[in-house]
Amino acid sequence: MITNSTIRRIVSITYCAIILLLAVGFMASPKKEFSENENRYLAKEPVLSVKNLVSGTYMESMSEWLSDQFPMRDFFMGFKSTVEIGTGKREINGVYVAQEDYLIEAYAQPVNTQRIGETFRNFYEKTDSSQIDMRLMLIPTAITIYRDKLPSGAPFRSQMDVAQEIYQTAKIPSIDCIEQLIQGAESGQLYYRTDHHWTMYGAYQGYLAYCEAKGLSPVPLESWSAQTVTEEFAGTLYSKVNDYSHPKDSITIYTNPNDRLTVTYVDTGEVTDSLYNLDYLAQKDKYSLFLNNIHTCVEIENENVESDAVLVVIKDSYANSIIPFLAHHYHKIYVFDTRYYKEGPSHFLSEHAEVTDVLLLYNMNTIDTDSGIRGIY
């Protein structure tokens, strides 16, 4: 007969064996610098010093490092999410598991609305509006347009109320694309199911709103050449939820056969004839195929545009998939990522009198924490 003490002894031995195996596994497993699943750099092994030990930062850093390097981390994270979703949980790491396989990022209460509006206004006031037509375009994300797909009881905060506050403070003529997006939602997919970006079809709706505001004649969507380049896109929200059984996305790109482009990445000196770098399809971060990921300044010239109009785009990553549509209307476009472009677009405009138009384009979900806005001027 097995006694209680024997059972306790077996449990203790088993527990110690598991701990020992995990410890051996941790020591033997290779340490990774980057998590492709989560699309982020992992914590580095902390450096032991008296200062770090006394302040407590060493133990905090050690905890982060151990967590990031835990053996079979991806498996356990995915298993945890699968169990949570299976038991009815519909919000994981700030992402809602919504209807029709959509993962929709929650919209946090913004805290920098006034500062952002004032930054835009200061930039606008430094620009000669008699020579340059500047517009501000703030893009709602899926939580606004696909509100009906959210889980029952999910809290809702209006992005467009905040956008209106920014518009009013900035004093820049605005382009509101929400009605165009709502209309476009009836016939196409505006946002990826696994990522926080809009699709190129969604970006086309933004392009239509831009053309209407600027008095341009938009090119009908059917005149563009569409190509689905992957059906294995697992975006940023997929990585946050860690439900590896979730269906993946497709990415469709559009090109215009009438455009003849020269694309120069100023920071690296690379020159190409395409706005897409399909090499990224072999990586987890497939959205980076648009405009070749992150660059401080991109110069795009379309030789087949007869107009002398020159556009400056100051933006976040949402703009990367609308640029191909805009490029059809401008002889030249300069695209700035002000998180990394240190000279500031104001200085650039003062030295380039040929610029006729400026577009500031940001999405409403990340604008509140976008460090590049401080670098506009």
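Which residue forms a salt bridge with Glu 299? The partner is Lys 332, and the closest N and O atoms of the pair are 3.5 Å apart. The structure on display is a predicted model, and this pair is the starting point of the tour.

**First stop: two strands joined**

Select Glu 299 and Lys 332 together. Glu 299 belongs to strand β11 (residues 297-302) and Lys 332 to strand β13 (residues 332-336), so the salt bridge ties together parts that lie 33 residues apart in sequence. With a relative accessible area of 22%, Glu 299 is partly exposed. Lys 332, at 17%, is buried; the cut-off for a buried residue is under 20%.

**Second stop: a network of charges**

Next, select Asp 133, Arg 135, Lys 214 and Asp 357, which are joined into one network by salt bridges that share partners. Within this group, examine Asp 133 and Arg 135: they form a salt bridge whose closest N and O atoms are 3.0 Å apart. Asp 133 is partly exposed, its relative accessible area being 26%, whereas Arg 135 counts as buried at 16%.

**Third stop: a link between loops**

A search of the whole structure finds ten salt bridges. For another of them, select Glu 100 and Lys 149, where the closest N and O atoms are 3.1 Å apart. This pair links distant parts of the chain: Glu 100 sits in the loop between β4 (95-97) and β5, and Lys 149 in the loop between α6 and α7 (159-170), 49 residues apart. Is Lys 149 buried or exposed? Lys 149 counts as buried, at 11% relative accessibility, while Glu 100 is partly exposed at 48%.

**Fourth stop: the nonpolar cores**

Turn now to the interior and select Phe 120, Ile 300, Val 358 and Leu 360. These residues touch the most other members of the largest nonpolar core, which has 95 residues. Add helix α9 (residues 200-214), which gives the most to this core, with nine residues. A second, separate core has six residues, including Val 95, Val 97, Leu 237 and Val 241.

Then centre the view on Leu 360 and display its surroundings. Leaving aside neighbours within four places in sequence, Leu 360 is in contact with Phe 120, Phe 123, Met 134, Arg 135, Leu 136, Met 137, Ile 172, Ile 314 and Ile 376. Arg 135, visited earlier as the salt-bridge partner of Asp 133, thus reappears among the contacts of Leu 360.

**Fifth stop: the cavities**

How many cavities of 30 Å³ or more are there? The count comes to two. For the largest, with a volume of about 80 Å³, select Glu 105, Thr 141, Ala 142, His 196 and Leu 237; of its 14 lining residues, these lie nearest the centre. Leu 237 was also named in the second core.

Colour β5 (103-105) and α6 (142-145), each of which supplies at least two residues of this lining. The largest contribution comes from β5, with three residues. By class, the lining of the largest cavity comprises eight nonpolar, four polar and two charged residues.

Finally, select Leu 291, Asn 293, His 295, Val 298, Lys 315, Val 335 and Asp 337, which line the second largest cavity. The space within this cavity is about 40 Å³. Its lining has three nonpolar, two polar and two charged residues.

Key:
Residues are numbered from 1 along each chain as its sequence is written. This is a predicted model: local features need pLDDT of at least 70, side-chain atom pairs count only at pLDDT 80 or more; totals for chains, interfaces and linings use all residues. Side-chain values use heavy atoms; hydrogens and water are left out. A nonpolar core is a set of buried Ala, Val, Leu, Ile, Met, Phe, Trp, Tyr and Cys residues joined through side-chain atoms within 4.5 Å. Buried means under 20% relative accessible area, exposed over 50%, partly exposed in between (1.4 Å probe, protein chains only). Helices (H or I, at least four residues) and strands (E, at least two) are DSSP runs, numbered from the N terminus. Contact means heavy atoms within 4.5 Å. On a 1 Å grid over the protein atoms alone, a cavity is a set of points where a 1.4 Å probe fits but cannot get out, and a pocket is an open set with protein on both sides within 12 Å along at least five of seven lines; lining residues have an atom within 4 Å of a point. Grid points are joined across faces, edges and corners, and a volume is the space filled by probe spheres set on the points. Ala, Val, Leu, Ile, Met, Phe, Trp, Tyr, Cys and Pro count as nonpolar, Asp, Glu, Lys and Arg as charged, and the others, Gly among them, as polar. A salt bridge is a side-chain nitrogen of Lys or Arg within 4 Å of a carboxyl oxygen of Asp or Glu.
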